[in-house]
Structure formats: structure tokens, C-alpha cells
Amino acid sequence: MDTKNVLVIGAGLSGLTCSVKLAENGNNVHLFSPSPSERSQSVMAMGGINAALNNKGQDDSPSQHYTDTINGGQEINNHTAVKKLTDDAPEIIEWLDSIGTSFTRDENGNIDQRYFGGQKKQRTAYAGARTGKQVLTAINTMLRKYEHENLVKRYIGWRFLSLILNDKGECIGAVLINEFTEEIQSFEADCVVIATGGLNKVFGKISGSLQNDAGTTARLLQQEIELANLEMIQFHPTTIKTPVKNMLITEAARGEGGRLYTIKDGEKWYFMEEWYPELGALMPRDVVSRSIYKVCNQLNLGINGENIVYLDVSFLPEETVKVKLDEVYDVCTQYLNLDPTVDPIPVYPGIHYFMGGILTDDAHKTSIKNLYAVGECSAQYHGANRLGGNSLLGAIHGGYIAAEEINSQTITSGSNDEIIRKELEKQEDKYAQWKDNQTSEYTSSYTVEEELATIMNNAMGIYRDEETLKEAMGQLEQLENEEIYSHESYYEYVLIKSLIHLSKAFIISAINRKESRGAHQRIEYPEKSDKYRKTTVIQEKNNEMIVSFNDTDKKMGW
């Protein structure tokens, strides 16, 4: 196989996995991230990772995992990709175990598994309540070996500015900026892998890390990449509000038996168990979130009249709460001054995950040749709603598959020096122009970020309607036409301009899907429609956003 020079942008689980698998084959990897991997959002994943290991004697199988994933995604997942994901899941767990992931074990020494939402089998392997941290530590340790062998070079503090495209529209590298020094540099590559996570910063203080700022995806949209299913935004049913941000109460709390209730006629009412007796609080996340919304906003039965219901784990064994759910215990005691072994936890749905993002085929290729996307920034596996426990799996699997595809490619080299020089000069000229225009009279980008988040949270909630969506579009256009925003950081300036643009793509996607499916609920169109059992695709061409609906397994012709 040819030795390739690959840029991997993003050093969470998907970027790390891809880098390891590329380096194993002798490729040279340049790994970019704003901060060390240990600070990536991946370490925040508490609950677990799905695989049909059948360790519980329930006759589980990859085919059942596949069916649950497709059903959870309301049938607009890429079926071919999901089949590969669920078939490969046991092998991925075996690999993670072999490289030192500290999975929790059952009494027989097997990897323990528990129930998670939307699944009737105990399929979610876990490492206490810190699965993401344990998995990332194991893969990151593997990568150190290849760093020592000079096959992987890390660049910390760097952010993406633009792709470098040749005259055929093929990716031949990227231009990045060092946030600390404001050095702008070009990097030539045979392939580029985007692993920059979810589109968090569009919505402000959500449960995810704001290091996943959506900037890379936003600027790729402006370079005519195809995005998909942007309207599919997952609200996690159980979040808590803190002064800093929404924080997650892991689905594992319900997987271990935690119950949701409110007070009705002076009594505890376990509404999920009444409405959905088979799975109760372990229905898929979109269903649980809508149910809590209904309790609080339509039935007016929120606790003390607020948008809150209770999640109760106090009846579980104290060891379960303090050991298996240790992070839940820590979050509650530190941020709520509440002991969950005694008192119920006040929760309400909050934005947590983006099923939409960069459109990729089942090999994680994008609409731009030699450009790949993996992890949460890629729209492929999860359709209209992601199952809990499939995010870590999807991130790692995506890294596997993209590396496998790149390893199999034959690269044709040519002289690109002039093209690379021109793109670098273009980005340097933009920086110089910004520097010359700095003035305290312009609006701060921080102020605009807050305004943008308010607009988007108002328009893209659990339920949407056309009037509010169109009003948001007008507000975004007005925001886009305001004066240049001043900030000490050039990157922050570039970011806010591109996020407004990306936000318009969210709104346009939501307007065009005239049905209710999974995480996208339209008040005027309350039912699913076979017409929209497809992938929403949006692309910018000639300053116009073009929307189409593709068959979920459409062969892209890339």
C-alpha cells in the first residue's frame, strides 16, 4: 500500500482511532486539536458503548442491534453503514478490551452490560460512569507509541480555516490557525479527515463542550460541502441547569432502574410507565423528551409549576448510585447540593447531540474527494434519533472505517505548490484586513454569540412551527448584515460570521422537512410522511442554499 500523508482535524475518540489505524499501516499523520485529547468532549461520555456481546444470556445479536438502531433513527439512517456498525461492534469492544479499557465486569468476569434507551436487551458495556474517559485513555495511550515512532505528530492549539482544493475540486490539504500565536499555516496532504465533533456553539450553553464549536463544519459549508439532517437535534431527557451550562444526568441512571415521575393529585405519577409500559423511562430519547415536555407544558404538571420532573434513583442500592453511577452522584452533590441516594433529581430535556452534520457515505467519504468525516460531525449512523450507547461506538467505528478506506486508496501525486501558496496568501490577506479594521466601536462577537444562541434555541426546540422558523431566518439575515464584529481573536471573528451562516442552513432544513419524525417535530405536520423517509441534504452553491432529499442508501458517485 502507498504511504500517505494525512491530516486529522480533531483529537477526540474518532480522530484518535483514525490516527491509530492510519499509523498502524505506516502512514504519516498530522493530528490537530484546540486542546489535548484529555479535554475533548469524548471524556464526558458516561453511560457506555453498545455491542451485542450477549453476555446476559438474552439471545442478543448484531441483527437485533441493527433493528433497534434503524427503528430509533426512524428509518432515515444509512442502512448499509448501520449494518456494518452493528456487525463490527463486538470486535470493537474486543479491541478496546485488549488495549486496556477498564470495563466493569460481572460476577463471572465478563464485560458487564446494562439496559439503555430504545433497546430491549442489556447491550451497553460500560466502565463505571466514566466510559468515555476510560476508552479515550486506552486509545490515546496506543497513539503515544506512534508518536514516539514519528508516524504521528500532534498540533495543539490549532483551528481549521479552509480546505485547499485543486482545480478539479479535490482536497489537497488545509489552512489552519494557531489560536495562541495567530500563526496561519498551510498543510499539504493526500487526505484530510474531519473529526471536530458536534455543532454545539450554535446553541450556546448546552450539555456538550464548547470546544466543539461547529466552526469547521460551518466553513466547509461555505466551500460547498454537502451537509445532511441538520434539523435532527437530540434533546437528552435528563439534564440539569447550572450557572455555567446544562449538565447531563446519564441515561445509565435509568438503565440501572431510575424512574421518572411528577406529582399528580398529590401522588407520584410515573408517567412514562403508564404511557409506555414495555420500556417506560427507557424509551428512545426523543420519546422521553417529548413526554417530559408534554407533562410540563401541556398538562401543566411540572414540579412546583416549573419545567421540571423528578428522576428518582434513591431506592436503588447505595453502592449502585455511588459506584456504578458515581458521576451522577458527584454532579448532584457538587452542583445541586443534593444527595441522590436520598432525594430525587430535578431534570428537564436539553440539547445534547447532533445527528446531522457532514454528509458521508458508508465509507465516511464526503462530497469533496479525499475529504472524510468521522464522529459526531458526520451524518450517517443515527438518522432522526441516536440511541444512547451508539455515540461512542459510532465515533470509534467511523475512525476505523475512514482509516481502512484511506489505507486502500492509491494516491496520485502532483505539484500543488502554487495552489497551496495562493490559498495561504488568501487567508493571510483576510487576517491582515481584519487587523487593519480593528476598532472598539463594533459589536463584540460574544454579544452576537449570545444573540445567535437565543434565536436558535427559540426556533429549534423540541417542537417547531413555520412562523417561528421563518422569523428566525429574518433575524439571522439581519444579524449577518450587521457591522464586522470586533474581537481580540481573529479566529473568534471568523467563527461567529460562519456560525450565523450555518444557522441559516439549520433553519432552512427544518422548514423543508414538512413532517414530524424523531427529533424533528413540526406542529403543522404532526405525522410522519413516507415522502420524507429520506436524508435531508443541503449545499450552498452560488450564494444559494439548495435542499434536496436523498434515499438513505443512495450511492453518492463520489
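Two strands pair if DSSP finds at least two bridges between them, and the exercises below apply that idea, among others, to a predicted model.

**Exercise 1. Find the partners of strand β10 (residues 191-194), and say which way its residues point**.

Solution. Begin with β1 (residues 5-9), which is joined to β10 by 4 bridges and runs parallel to it; within this pairing, V6 stands opposite C191. Next take β19 (residues 371-373), which pairs with β10 over 3 bridges, again in the parallel sense, and here V192 stands opposite L371. Finally, look at the side chains of β10: C191 and V193 point one way, V192 and I194 point the other way, and all of them are buried.

**Exercise 2. In which order do the strands of the open sheet that contains β11 lie, and which are its edge strands?**

Solution. The order of the 5 strands is β20-β18-β11-β21-β22, with mixed pairing. The edge strands are β20 (378-379) and β22 (544-550), since each of them pairs on one side only. Inside the sheet, β11 (residues 227-228) and β21 (residues 535-541) run antiparallel and are joined by 2 bridges, with A228 standing opposite V537. Helix α15 (residues 490-512) lies across β11, β21 and β22, and runs at about 45° to β22.

**Exercise 3. Check the span of helix α12 (residues 417-436), and work out where its buried residues lie**.

Solution. The helix has 20 residues, so at 1.5 Å a residue it should span 28 Å, and this agrees with its end C-alpha atoms, which are 28 Å apart. Its buried residues are I420, E423, L424, Q427, Y431 and W434. Because these residues cover an arc of only 95° around the axis, they lie on the same side of α12. They pack against β7 (158-165), β8 (171-178), β9 (184-188) and α15, whereas the face turned away from the buried side carries the exposed residues D417, K422, D429, Q433 and D436.

**Exercise 4. How many disulfides does the whole structure hold, and how far from C171 and C296 are the nearest cysteine sulfurs?**

Solution. Recall that a disulfide is a covalent bond between the sulfur atoms of two cysteines. A search of the whole structure finds 0 of these disulfides. For C171, the nearest cysteine sulfur belongs to C191 and is 8.0 Å away, while the cut-off for a disulfide is within 2.5 Å. For C296, the nearest cysteine sulfur is that of C332, 17 Å away. To finish, consider burial, for which the limit is under 20% relative accessible area: C171 has 1% relative accessibility and therefore counts as buried, and C296, at 7%, is buried too.

Notes. Residues are numbered from 1 along each chain as its sequence is written. This is a predicted model: local features need pLDDT of at least 70, side-chain atom pairs count only at pLDDT 80 or more; totals for chains, interfaces and linings use all residues. Side-chain values use heavy atoms; hydrogens and water are left out. Contact means heavy atoms within 4.5 Å. Axes are lines fitted to C-alpha atoms, for helices over the stretch in contact, and angles run from 0 to 180 degrees between N-to-C directions. Buried means under 20% relative accessible area, exposed over 50%, partly exposed in between (1.4 Å probe, protein chains only). The expected span of a helix is 1.5 Å times one less than its number of residues. The arc is that of the directions from the helix axis to the C-beta atoms.
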